[in-house]
Amino acid sequence: MNSKKRNRSDMFWGYLMVAPTILGLLILNIYPFIETFIRSLSKTKAFGKYEFQGLMNYQEMFTSEEFWKATWNSIWFCVLTVPVGIFLALLLAVLLNAKIAGRGIFRTIYFLPMVVAPAAVAMVWKWMFNAEFGIINSIFGTEIRWLTDPKIVLITCAVVSIWSSVGYDAILLLSGIQNISPYYYEAASLDGAGKVKQFFCITVPMVSPTLFVVIIMRLMASLRVYDLIYMMVDQANPALTDAQSLMYLFYRESFIAGNKGYGSAIVIWTVFLIAIVTALQFIGQKKWVNYEV
Amino acid sequence: MKKQVKRILSAVALGGMLLTAAGCGSSNGSADGVVNLTFQIWDVGQKPGMQAMCDAYTEKNPNVKIQVQVAGWNEYWTKLEAAAIGNKLPDIFWMHTNEILKYADNGMLEDVSDLIETDKFSEISLQNAQGSDGKLYGVPKDKDVICLVYNADLFDQAGVAYPDDSWTWDDLISASQQIYDATGKYGYMAYADEQLGYWNFVYQNGGYILNEDKTKAGFDQPATQQAMEFYIGLQDYDWCPDQAYFGEQAPGTAFLSGQGAMYFEGTWNLLPMLQNNPELNGKLQVAALPAAPDPVSGDGRATISNGLCYAMSANNKNEEIVKDVLKFFGSEEAQRIQGESGAAIPAYEGLEETWASAFEGYDIDVSGVAAMFDYSVQSVNNASRPEWKSKVSDQLLKIYSDQVSLEQGLANMQSIIDEASAG
């Protein structure tokens, strides 16, 4: 009897302690999510008024060519950025872990893009990729239309995205690598394993939990890409529809065309897409992520 | 027990503090009888002119202080809409033809019909400030037209005569060709823009974008189609950069770096261009738009004219005072202050020369601009414009990049506008 009472009082204090966070979540995350869902089922009228209309927005969305193009662009952007980006980050992490002179300076340099405002990054790269006056075309003597050729524009954006995220991912992976006991490497080199073999047989499996987290984060970020493409690809760019990601489409529908209901439907679709990809990864991780140290 | 209560209270208080978002109340009215009004605009270049007008009002009415606030064009509308939803609109704000119908038709704006002498404003200026019901929801502020801006240096180098009123589309092409041949620089830079681009050509050729009652688009009209074909076709000439080029730098940028000799510019940008780029002084000149050589109807002349207005919200607790301020803003005195600051051409008839006087320090002749208002056409607009604007521009880009044919693209534009306008 007494213990039960005590238990209840503990629970009360527990809830009270988490209340600010829970309330914050409810008001700032859960409620807007529900609101977004309701909006996606409504027709938007001017000045925040809306009217329930069922699945019309979804019907319009799924029959829109533009929408499927944007979905494909988002997925293609992930394919372009995630594998290459993660591989480079891992490689970089291993190199930054090596005992070389000026290691701290290199770590700082690679981390720097993370500290710079994304808009500034995009502005500078945009100038470098400029087809007429850009430094990249003038160094290589090419005439590639990096930002206006429909086939190339997303690759260009992917390069910039990888450049700005690789340092951050590498630092995360580095922290994972530093937790690996040096004895493994010692034993492996005594058995005659080379550096490459050590990388694939010791580093990769041992860092896999961190790698898993980094991959999930990077995939989500790539599926939601907006600011970079918005800055790099102008509204007057003829390659716009070939670079437009789901979030870019969402922005244009909700805030330029003022159709917030349709925009909400795009957001719900994106959440759904991210949920599927993440669920697949959690299923797949059993095959390759190693939690035993 | 007491302790516990105290702890609970402090926890609740803390939670409350964390959740209370910073309020953003408007601050009108204070103890000493002074009324503080807010005045929201989007162009930082016009701030001094607007401030001068407000100061002139405060001088006469010392108990009214007006604070001019600037938000950039892009966030302006996001901000204004949020303020409208929250019933916290600024006391006075600029209104644009793109948006006025949306605000007026939804009851956000106060009817200001009886504040101005309507005979002092042109028909277009008044139309630009009207709601769908024909009442005035803004006090006309300024008016503008699109003009042909050219680089006199490049014309001299190529030995081509400067553009004048007699120019037609054919002259535009031949001059461009000659400049390109002689200097290697681009001639007329035609790019994907409505107000600064194809609209002008369409109306010159006797076509239209929206019909009289603004319910249907005109992309199925031969005159419109002909003009669109001509305008988009310009990018196939060697002397015109293609749309991919403009995807990376605006024509204005290309013009001031001396890459191109001509482009269309709004009168509102002329003074800032000269102020920000002193090296253009003497090179940058303006002329009337070239006319259609053989229009389907009309005399081949047209230029798109737009104008802003000053608006106030439908429910303002200082309604009478704000109305008095707006009345002043629409008076000859305030419009003159605006013109002399060079901010924009006053909407008030007969004050065009006050704006021209702001160019006195520069080697440019803008005296021809006033005459362009005689054949100007009101900027295209209807209530569903925000809905179709970006979709139509997407179609235009697709035509430019050969993703759809001209016929198909124009047909798409037609149905986009027709469907949106049907509600």
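How many residues does the contact between chain B and chain A take from each chain? Keep that question in mind while you open the structure, which is a predicted model, and begin by colouring the two chains separately. The contact takes 26 residues from chain B and 28 residues from chain A.

**The side of chain B that touches chain A**

Select helix 1 (2–19), helix 3 (73–85), helix 10 (243–246) and helix 17 (385–400) of chain B, which are the elements that give two or more residues to the side touching chain A. Then keep helix 17 of chain B highlighted, since the largest share of this side, six residues, comes from that helix. If you colour this side of chain B by residue class, you will find 14 nonpolar, seven polar and five charged residues.

**Chain B as a whole**

Now hide chain A and look at chain B by itself, where 18 helices and 13 strands can be traced. Along its principal axes the C-alpha trace spans about 90 × 50 × 40 Å. The radius of gyration of chain B is 25 Å, which agrees with the value near 22 Å that a compact globule of 423 residues would have. Of the 423 residues of chain B, 46% count as buried, and among the contacts with a separation of 6 or more, 73% are between residues 24 or more positions apart.

**The two domains**

Next, select residues 35–144 together with 306–350 of chain B for domain 1, and residues 146–305 together with 378–421 for domain 2. The C-alpha centres of these two domains of chain B lie 30 Å apart, and the contact takes 17 residues from domain 1 and 15 residues from domain 2. On the domain 1 side of this contact, the elements that give two or more residues are helix 4 (97–105) and helix 5 (123–128) of chain B, and helix 4 gives the most, with five residues. By class, the residues on this side of domain 1 divide into four nonpolar, nine polar and four charged.

**Helix 7 of chain B**

Move on to residues 169–183 of chain B, which form helix 7; its 15 residues should span 21 Å at 1.5 Å a residue, and the end C-alpha atoms are indeed 21 Å apart. Which residues of helix 7 of chain B are buried? Show the side chains of Trp169(B), Leu172(B), Ala175(B), Ser176(B), Ile179(B) and Tyr180(B), and you have the buried ones in view. Looking down the axis of helix 7 of chain B, you will see that the buried residues fall within an arc of 135°, so they line one face of the helix. Turn to the other side of helix 7 of chain B, and there Ser174(B) and Asp181(B) are exposed.

To see what covers the buried residues of helix 7 of chain B, add elements including helix 6 (152–158), strand 7 (186–188), helix 9 (222–233) and strand 8 (260–266) of chain B. Finally, step past the end of helix 7 of chain B to Gly184(B), which follows the helix and has a positive phi, near 80°.

**Met372(B) and its surroundings**

For the last stop, select Met372(B), which is found in helix 16 (residues 369–372) of chain B. Is Met372(B) buried or exposed? Met372(B) is buried, because 22 other C-beta atoms lie within 10 Å. Leaving aside residues up to four places away in sequence, Met372(B) touches Val145(B), Cys147(B), Ala288(B) and Thr303(B). Add Ala287(B) as well: its C-alpha atom and that of Met372(B) are separated by 9.7 Å, although the two residues are 85 residues apart along the chain.

Notes: Residues are numbered from 1 along each chain as its sequence is written. Chains are lettered from A and ligands numbered from 1 in the order in which they are written. This is a predicted model: local features need pLDDT of at least 70, side-chain atom pairs count only at pLDDT 80 or more; totals for chains, interfaces and linings use all residues. Helices (H or I, at least four residues) and strands (E, at least two) are DSSP runs, numbered from the N terminus. The radius of gyration is taken over C-alpha atoms; the globule rule is 2.2 Å times the number of residues to the power 0.38. A residue is buried if 20 or more other C-beta atoms lie within 10 Å of its own, exposed if 12 or fewer, and partly exposed in between; C-beta atoms are placed from the backbone. Two residues are in contact if their C-beta atoms, placed from the backbone, lie within 7 Å. Domain bounds come from an automatic or database domain assignment. Ala, Val, Leu, Ile, Met, Phe, Trp, Tyr, Cys and Pro count as nonpolar, Asp, Glu, Lys and Arg as charged, and the others, Gly among them, as polar. The expected span of a helix is 1.5 Å times one less than its number of residues. The arc is that of the directions from the helix axis to the C-beta atoms.
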